[in-house]
Amino acid sequence: MDARGMTMENKRSKRSADAGAGLPSPADRSRQFYRTIWRNWFLLAAMLVFLTIALAVAIQTRVGDQVVSPWPWVKTDRVLLGALALVVVAFIAHLTHQQRNVIAIHRELMALREESERRLQQHTARILALSNISHMISVETDLQNIFDSVTRMCVETFSCSRASLMLYDAAGNDLAVRSVSGSSVAGILNARQRVGEGIAGYVAERREPILLCGRGDSARYPGLELKDPSLASAMVVPIIVRDELVGVLNVSSGSREIVYDENDLLALQSFSSTVGACIRHTEQVNWMRRMVPQLGGAARGAPAGKS
């Protein structure tokens with residue numbers, strides 16, 4: 001994109017930002033909505049009270065001017081006025097109850113809307129991360145840069161405390177940590193774990209993902225032992241390409257506010273599939289780059305065929 005195109009794009013972005021800055025926030029709109037419905041309720045209640053008092057005064061004045069009472073019982077007019085006042089009070093109380101119900105429903109709808117927007121932002125961020133990995137397939141040839149980019153994108157996309165990528169070593173039948181991002185990463189890089197041991201080894205051995213949202217969730221996975229008491233929520237998925245184990249991708253959080261669900265696990269599985277394809281593609285490209293000069297030298301050194 002040339003400088004003129006970038007300038008036009010910046011101007012459009014600025015206009016969009018200025019337009020968005022002038023709009024009220026959802027919280028401000030909610031407060032305005034609550035003030036409006038309560039103002040309407042007070043107006044209705046005040047009108048009912050005023051009409052009741054006016055009617056009572058009019059009836060009392062009219063009855064007081066009459067010599068003979070139209071009612072068969074003594075002080076019937078006062079009893080009726082008292083009943084009318086009770087009916088008005090009961091009606092206002094009913095309106096108040098319904099008003100509170102309407103506000104509660106509105107708050108629930110707003111919470112659902114905020115949750116939907118949060119989910120939409122999550123899906124957008126994950127799609128963007130997948131797109132970035134697909135882009136790396138065509139431009140990146142350094143495996144370590146790919147590993148670091150993957151763990152960094154996991155931390156940003158899944159809001160986790162730590163993400164690590166482990167590669168499977170068939171010779172030693174173990175997993176080696178090739179990249180780690182987030183907090184508390186000291187001493188983790190290049191660490192090894194045998195297949196079948198720990199959470200990552202458990203996933204590598206069974207080639208099935210696990211989802212942990214607390215220590216009680218380990219009961220769903222027979223033979224799995226949790227040794228980290230600070231682990232609040234975690235997702236661990238195998239990286240498999242054409243039925244071949246490539247490694248394991250770990251995402252964990254120590255915050256009780258971060259709780260992963262099945263949708264998050266499915267997203268990480270899609271993420272790991274794309275990561276595995278990217279790793280295998282880069283390995284093949286690097287292998288071809290090493291082999292082309294060797295094959296070219298061998299072809300030049302071979303004796304010419306007899307004519």
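User: Happy to start with a single residue. In which strand is Asp174 found?

Analyst: Good place to begin. Asp174 is found in strand β2, and please keep in mind that this is a predicted model.

User: Is Asp174 buried or exposed, and how do I read that?

Analyst: The idea is to compare the relative accessible area with a cut-off: buried means under 20%. Asp174 has a relative accessible area of 11%, so this residue counts as buried.

User: Which residues is Asp174 in contact with, once neighbours within four places in sequence are left aside?

Analyst: The contacts are Leu167, Tyr168 and Asp169, together with Arg192, Gln193, Arg194 and Val195. With Arg192, the side chain of Asp174 also makes a polar contact at 3.0 Å.

User: How should I read the pair Arg192 and Asp174 in terms of charge?

Analyst: For a salt bridge, look for a side-chain nitrogen of Lys or Arg within 4 Å of a carboxyl oxygen of Asp or Glu. Here the side chains of Arg192 and Asp174 meet in a salt bridge, with 3.0 Å from N to O. Arg192 belongs to strand β3 and Asp174 to strand β2 (residues 174-182), so this pair ties together parts that lie 18 residues apart in sequence.

User: What other acidic side chain meets Arg192 in a salt bridge?

Analyst: That is Asp169, at 3.6 Å from N to O. This pair links distant parts of the chain, as Arg192 sits in strand β3 (residues 192-194) and Asp169 in strand β1 (residues 162-169), 23 residues apart. Asp169 counts as partly exposed, at 28% relative accessibility.

User: How many salt bridges does the structure hold, and where can I find one beyond these strands?

Analyst: The structure holds 5 salt bridges. One of them joins the side chains of Arg206 and Glu205, at 3.1 Å from N to O. Arg206 is partly exposed with a relative accessible area of 38%, and Glu205 is partly exposed too, at 47%. As for the network you may have been building in your head, salt bridges that share partners join Asp169, Asp174 and Arg192 into one.

User: Let's move to rings. How many aromatic pairs are there?

Analyst: A search of the whole structure finds 2 aromatic pairs. To read the geometry, check the angle between the ring planes: over 60 degrees counts as edge-to-face. The ring centres of Phe158 and Phe271 are 6.3 Å apart and the planes stand at 90°, so this pair is edge-to-face. Phe158 lies in helix α4 (residues 143-158) and Phe271 in helix α6 (residues 262-301), so the pair ties together parts 113 residues apart in sequence. Both Phe158 and Phe271 are buried.

User: And why is the pair of Tyr202 and Tyr221 edge-to-face?

Analyst: The planes of Tyr202 and Tyr221 are at 80°, with ring centres 6.5 Å apart, so the pair is edge-to-face. Tyr202 lies in helix α5 (residues 198-206), while Tyr221 lies in the loop between β4 (210-212) and β5 (233-241), so parts 19 residues apart in sequence are tied together. Tyr202 is buried, with a relative accessible area of 7%, and Tyr221 counts as buried at 15%.

User: One last feature, on the surface. Which residues form a nonpolar patch there?

Analyst: Met47, Phe50 and Leu51 form that patch, and together they have about 320 Å² of accessible area. Take Phe50, which lies in helix α2 (residues 26-65). Residues count as exposed over 50% relative accessible area, and Phe50 has 53%, so Phe50 is exposed.

Methods: Residues are numbered from 1 along each chain as its sequence is written. This is a predicted model: local features need pLDDT of at least 70, side-chain atom pairs count only at pLDDT 80 or more; totals for chains, interfaces and linings use all residues. Side-chain values use heavy atoms; hydrogens and water are left out. Patches are made of residues with over 30% relative accessible area and no salt bridge: like charges are joined within 9 Å, nonpolar side chains (Val, Leu, Ile, Met, Phe, Trp, Tyr) within 5 Å. Accessible areas come from the Shrake-Rupley method with a 1.4 Å probe; for residues, only the protein chains shown count as cover. Helices (H or I, at least four residues) and strands (E, at least two) are DSSP runs, numbered from the N terminus. Buried means under 20% relative accessible area, exposed over 50%, partly exposed in between (1.4 Å probe, protein chains only). Rings of Phe, Tyr and Trp (its six-membered ring) pair if their centres lie within 6.5 Å; planes under 30 degrees apart count as stacked, over 60 as edge-to-face and the rest as tilted. A polar contact is a pair of N or O atoms within 3.5 Å; within protein, one must be able to donate a hydrogen and the other to accept it, and residues adjacent in sequence count only if both atoms are side-chain atoms. Contact means heavy atoms within 4.5 Å.
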